[in-house]
Amino acid sequence: EEVKVTGEGVVMPVLCGDRVWLRCPDASGRDDASLLAILLDKESLEHVPHLHYPPQQQQQQPRTPWSLQTVRERRESQRATQDKGQALLLHFFLTSPPTPTPTTTPTPTPTHESEREEVEEKMIGFGGYRLIERTAGDSGSSGSGEQLVGDLGIVLSKPHWRGALGTEILLLTIRYGFDKLHLTKQTAGTQPGNVAMNRFFQTYGFVKDGEPVQDTNGTWQHYYITRETWPAVEAAMLAKLAHTTPTTTHHQQQHHKHTPLSS
């Protein structure tokens with residue numbers, strides 16, 4: 001897929017994997033209710049407490065929870081940033097209904113196209129690059145000149161924390177960032193207490209960027225990868241997914257109908 005990172009005619013990508021697909025939120029607000037449900041789930045936001053309330057509510061008492069109005073305001077603000085080429089925002093969806101476990105009620109097989117579409121568009125999280133910017137090169141970047149850096153993050157609803165869905169989402173996003181956005185470096189941060197995410201970054205070869213630092217959103221341990229280190233990280237992710245996802249491209253073929261959206 002292609003993204004034209006200018007203020008005009010921005011084409012937003014659809015990234016398809018075996019079990020998930022990612023697309024940008026559009027101006028219609030069709031994802032607002034699903035996004036609101038995730039933002040109101042404190043368990044899903046356990047490691048991103050700064051998202052518990054809308055940005056304008058962070059310093060106010062009493063704070064007002066997220067609403068469809070504040071979700072809409074967030075979407076419009078983020079789209080304005082994306083249209084300037086300074087971000088890439090993505091919503092995450094299951095490609096097909098999850099396999100029922102013995103303790104769940106099986107999902108009925110949809111019979112009409114509208115029902116199939118409703119099942120396929122099960123939003124399970126959001127993320128992408130909250131900021132894309134040019135910075136001076138340093139010892140932690142590839143080369144010594146100007147770098148194009150994307151700050152990466154994802155939030156998954158808690159029922160989807162297991163099963164390597166996050167790995168597949170990050171693989172699709174990071175690959176797109178290097179191949180299509182031409183990033184030279186990608187950064188990510190997580191709370192020091194988020195044991196699983198810190199282990200994830202270290203297992204797949206992300207470089208630990210110093211000690212934890214504190215900002216207005218909390219305390220964060222930062223990691224990064226560069227264009228040069230990405231092939232090894234990608235290979236490790238693919239090896240993991242080979243044991244957890246189908247090897248066929250059936251789902252990608254099914255989702256050619258999800259054409260890129262334009263602003």
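This is a short walk through one predicted model, from its strands and cores to its salt bridges and two of its helices.

Okay, some ground rules. Because the model is predicted, local features need pLDDT of at least 70 and side-chain atom pairs count only at pLDDT 80 or more, while totals for chains, interfaces and linings use all residues. Residues are numbered from 1 along each chain as its sequence is written, and side-chain values use heavy atoms, with hydrogens and water left out.

When I say helix or strand, I mean a DSSP run, numbered from the N terminus: H or I with at least four residues for a helix, E with at least two for a strand.

Let's start with the strands. Two strands pair if DSSP finds at least two bridges between them. Strand 4, residues 88-94, and strand 5, residues 122-135, run antiparallel and are joined by 7 bridges. If you want one to look up, find Phe93, whose bridge partner in strand 5 is Met123. Strand 5 also runs antiparallel to strand 6, residues 147-156, with 10 bridges between them. There, Glu133 has Val149 in strand 6 as its bridge partner.

Now, the inside. I'll say "buried" a lot: that's under 20% relative accessible area, with exposed over 50% and partly exposed in between, using a 1.4 Å probe and protein chains only. A nonpolar core is a set of buried Ala, Val, Leu, Ile, Met, Phe, Trp, Tyr and Cys residues joined through side-chain atoms within 4.5 Å.

So how many residues does the largest nonpolar core have? It has 37, and the ones with the most contacts inside it are Leu22, Leu88, Ile174, Phe206, Trp230 and Met237. Several elements each supply at least two residues of this core, among them strand 3 (20-23), helix 5 (195-203) and strand 10 (218-226). Which helix gives the most? That's helix 4, with 8 residues. There's also a second, separate core of 16 residues, and it includes Trp66, Phe93, Phe126 and Val155. You've met Phe93 already, as the bridge partner of Met123.

Let me zoom in on Leu22. Contact here means heavy atoms within 4.5 Å. Leaving aside its neighbours within four places in sequence, Leu22 is in contact with residues including Pro13, Leu90, Phe92, Ile169 and Leu172.

On to charges. Side chains of opposite charge can pair when their charged atoms come close. A salt bridge, for us, is a side-chain nitrogen of Lys or Arg within 4 Å of a carboxyl oxygen of Asp or Glu. A search of the whole structure turns up 8 of them, and I'll show you three.

One is Glu168 with Arg19, where the closest N and O atoms are 3.5 Å apart. Glu168 sits in helix 4 and Arg19 in the loop between strand 2 (14-16) and strand 3, so this pair ties together parts 149 residues apart in sequence. Buried or partly exposed? Glu168 is buried, at 4% relative accessible area, whereas Arg19 is partly exposed, at 21%.

Another is Glu234 with Arg175, at 3.0 Å between the closest N and O atoms. Again distant parts of the chain are linked: Glu234 is in helix 6, Arg175 is in helix 4, and they're 59 residues apart. Glu234 counts as buried, at 18% relative accessibility, and Arg175 is partly exposed, at 26%.

The last pair is Glu76 and Arg72, 2.8 Å from N to O. Both lie in helix 2, 4 residues apart, about one turn of the helix. Glu76 is partly exposed at 42%, and so is Arg72 at 30%.

While we're in helix 2, residues 68-83, here's a check on its length. The expected span is 1.5 Å times one less than the number of residues, so its 16 residues should span 22 Å, and the end C-alpha atoms are indeed 22 Å apart. Have a look at Arg75 in this helix: it's buried, at 9%. Outside its close sequence neighbours, up to four places away, Arg75 touches Pro25, Asp26, Ala27, Gly29 and Asp32. After helix 2 comes Gly85, with a positive phi near 80°.

Finally, helix 6. Its buried residues are Trp230, Val233, Glu234, Met237 and Leu241. They cover an arc of only 100° around the axis, judged by directions from the axis to the C-beta atoms, which puts them on the same side of helix 6. What do they pack against? Helix 4, helix 5 and strand 10.
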